[in-house]
Each structure stands twice: as C-alpha cells, then as structure tokens.
Amino acid sequence: MKLPSHDAAARTPGDGGHRVHLPHFPAGPLRQVARRLLLALLVLVLTVAIVYLDRAGYHDNADERVDFLDSVYYSTVTLSTTGYGDIVPYSDSARLSNILLVTPLRVLFLIILVGTTLEVLAERTREQYRLNRWRSALRDHTVVVGFGTKGRSAVETLCATGLPKNRVVVVDPNHKVIEAANAEGFAGVVGDATRSDVLLRAEAQRARQFVIATQRDDTAVLVTLTARQLNRGANIVAAVREEENAPLLRQSGADAVITSASAAGRLLGMSVQSPTAGAVIEDLIQQGTGLDLVERTVVKAEVGKSVRDTEDLVVSVLRGHRLLAYDDPDASPLRAADRLITIVRAPMVQE
C-alpha cells in the first residue's frame, strides 16, 4: 500500500499555524486592530473635511493660507494632541467647529487607539492564560483525528457513555471543521495529524485514547504510527475503509481496527435476511437509546457465580487477553479480574 506523506484533506489551503482552538474562541486580535484602524481613519477623514470646508477661518503662520495639505496636517497633529500651533483657528466659526466637532473627534480618536491597544493586550493575556490553564488540566483525554461522519459519530457515542466534552480534543486539517467542533463544545487543533508537532499541541503524550477516523487508510497508518510513538500506553482505535489494510494498522500500533466498509456491508446483508436482526444490531451500537452493549467489571457479588447467574445479559467474558463466549465452559465461574461485555437498558447506563 502506498503511503503518501500527507492526506488529501490535509492539503487544505491555509492550514498553517497549527493553533489550538478552544470552544467559543473570540475574534482574532488582527481583525480587531484592523476594525479599530478603519474607525480611526474615518475620524481623520471627517476631521479633514471639517477643517477644509472652513479653511478660510484658519491662519497658517507660514504662508497665511490653508490648503488641503494644510488641512490634513492640522487634523493629524490635532487628533494626536501634538498641537504645534503653526496653524490656528481665528474666526468664530472655525473656533466653534473645533469646540463642538474637532474636540469630540479628538477624544474619540484617542479612545479608539488606546482602547485597541488595551483590548488586544488584555485579549492576548486572557487567551494565553486560558490556553495554559487548559493544557495544565488536560489529562487522560481523548484525541479524535478526523471529524467527519465517522469521527463525529464516535464522539457522540463517547459522550453518550459519560465522557465530558472538555476531555475531547479534535484534530483536523480543515479550519471549518474545527470551527464546527468548537461550536459543539470541543477543543480543536488545525493541522495534519501525521506530524508529531500537531499531535503534541493536542497533548497527545498525555492522552488516554485515540480515535483515528481519517478519510484515507494510508493517512490512518501514518497517524497511528505517530500517535504510538508519542504515547506508548494509550488505547488507539482506528477506522479503515478496506479490510486488507487492517493488519497494517495493527502492526502500526492500533489496539482495535474497525473496517467501516465491511461492517456496513455485513449490516446490510443481515438486514436483507432479517430486518429485525439488523435493527437490533444497529440499536446495540447506538449508545443512549434502547439496548446498549457495554463493558464493565465483575462486581464482588458476582465473583464465583456462573455467567448465566448475573443480572445483566452477558455476551462475552474478557479474562486477561482471552475473549470467552458466554457458553464457553471456561467462562464460569467468574473471577474478580474479569470484565463482562453485557447488554443492558440505556437508562441503566445513564444512571
């Protein structure tokens, strides 16, 4: 299988910077500065127009006449409170316009400039503080690479089982996708997840688990290799389109590999033969409604009992690295270290 260095989606224009985007992030400082500078320019233009229209009421010590350039010069030094005094208003109308119009515009001009500086500095400080606090508190979180149909569905399932949204970090090369993730309450990193510096911005080295749901199988392999290199103990679950690529994902470090195309095909085939059975399987994999398929530990009261004596409907028993079916003779009696894969009602999971 050919392994290109970047995903096709990762070549989205404007993916530089690899910033961390927290939910409900405010407008960028550059946009705020540009908006304030535009307002300041409008104030300057308005002041120039006022002075130029009443230029006959002004006196220039140099040539005793005020032209357009002199109007611009006077407006600039007046709004900046420099006031050299070489051009002064001497008529009543010019002095009245300075009192009623130019002076308020000067105050507005200063408010715009000083306010912009203070606001940008305060915003940058708040942003940096918020980002540092987020990073220091982020532990044992889930990194989701790819927020398309598969990634979004995986996150919805995790949140339905009780995972808080602030414990999820989405990594995707598309700015709009990260904005959509922010709107849903998830932190996001814009960038190519095959690069270690991008995953480090998502604090991948301290993550508990990875969900890799990229659009291409070769990209999933590269992301898995990078994630496993940064975090040896994390649980990595990856999705592939072609079943033949699943062994390569496992060799790259994935703990579980889901073949999306084959799984959908099997569900289609089952639904053709038995629509009811297909509906039950779909209900089991959709957390939060109807029946849920969950994994839990063996409680103290169940130790030593048979699989059939438990309150829940046990499908399999995980003992060490062995997965035993419910009817396997070795599955009973249950041990304290066992984990049970059971079918329960959704309200019980929520409780």
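1. Arg296 and its bridge partner. In this predicted model, Arg296 has Leu340 of strand 13 as its bridge partner. The pairing belongs to a longer run of contacts: strand 10 and strand 13 (residues 339–345) are joined by 7 bridges and run antiparallel. Strands of a sheet pair through backbone hydrogen bonds, in either a parallel or an antiparallel manner.

2. The sheet as a whole. Strands 10 and 13 belong to an open sheet of 4 strands, whose order is 10-13-11-12 and whose pairing is antiparallel. Its edges are strand 10 (291–297) and strand 12 (322–325), each of which pairs on one side only. From one strand to the next, the twist averages 25°.

3. Asp312 and Arg296. Asp312 is found in the loop between strand 10 and strand 11 (313–319). Its side chain is joined to that of Arg296 by a polar contact of 3.0 Å. Arg296 thus appears twice in this note, as the bridge partner of Leu340 and as the polar contact of Asp312. Is Asp312 buried or exposed? With a relative accessible area of 16%, Asp312 counts as buried, because the cut-off for that class is under 20%.

4. Length of helix 7. Helix 7 covers residues 217–230, which is 14 residues. At 1.5 Å a residue the expected span is 20 Å, and the end C-alpha atoms are 20 Å apart, so the two values agree.

5. Surroundings of helix 7. How many of the 14 residues of helix 7 are buried? The count is 11, and the helix is therefore described as mostly covered. Among the buried residues are Asp217, Asp218 and Arg228, as well as Ala220, Val221, Leu222 and Val223. The elements that cover the buried residues include strand 4 (142–145), strand 7 (209–212) and strand 8 (235–240). Helix 6 (196–201) and helix 8 (246–252) also contribute to this cover.

6. His141 and its contacts. His141 is located in the loop between helix 3 (92–137) and strand 4. Its relative accessible area is 0%, so His141 is buried. Which residues does His141 touch, not counting those up to four places away in sequence? They are Arg167, Val169, Ala202, Glu203, Arg206, Ala207, Arg208 and Gln209.

7. Polar atoms around His141. Two of these neighbours present backbone oxygens to the His141 side chain. The backbone oxygen of Ala202 lies 2.9 Å from a polar atom of that side chain, and the backbone oxygen of Glu203 lies 3.2 Å from a polar atom of the side chain of His141.

How values were computed:
Residues numbered from 1 in each chain as written. Predicted model: local features only at pLDDT ≥ 70, side-chain atom pairs only at ≥ 80, totals over all residues. Heavy atoms only, no water. Pairing = 2+ DSSP bridges. Helix = DSSP H or I, 4+ residues; strand = E, 2+ residues; numbered from the N terminus. Axes fitted to C-alpha atoms, helices over the stretch in contact; angles between N-to-C directions. Expected span 1.5 Å × (residues − 1). Buried < 20%, exposed > 50% of the residue type's maximum accessible area, 1.4 Å probe, protein only. Contact = heavy atoms within 4.5 Å. Polar contact = N/O pair within 3.5 Å; in protein donor to acceptor, adjacent residues only side chain to side chain.
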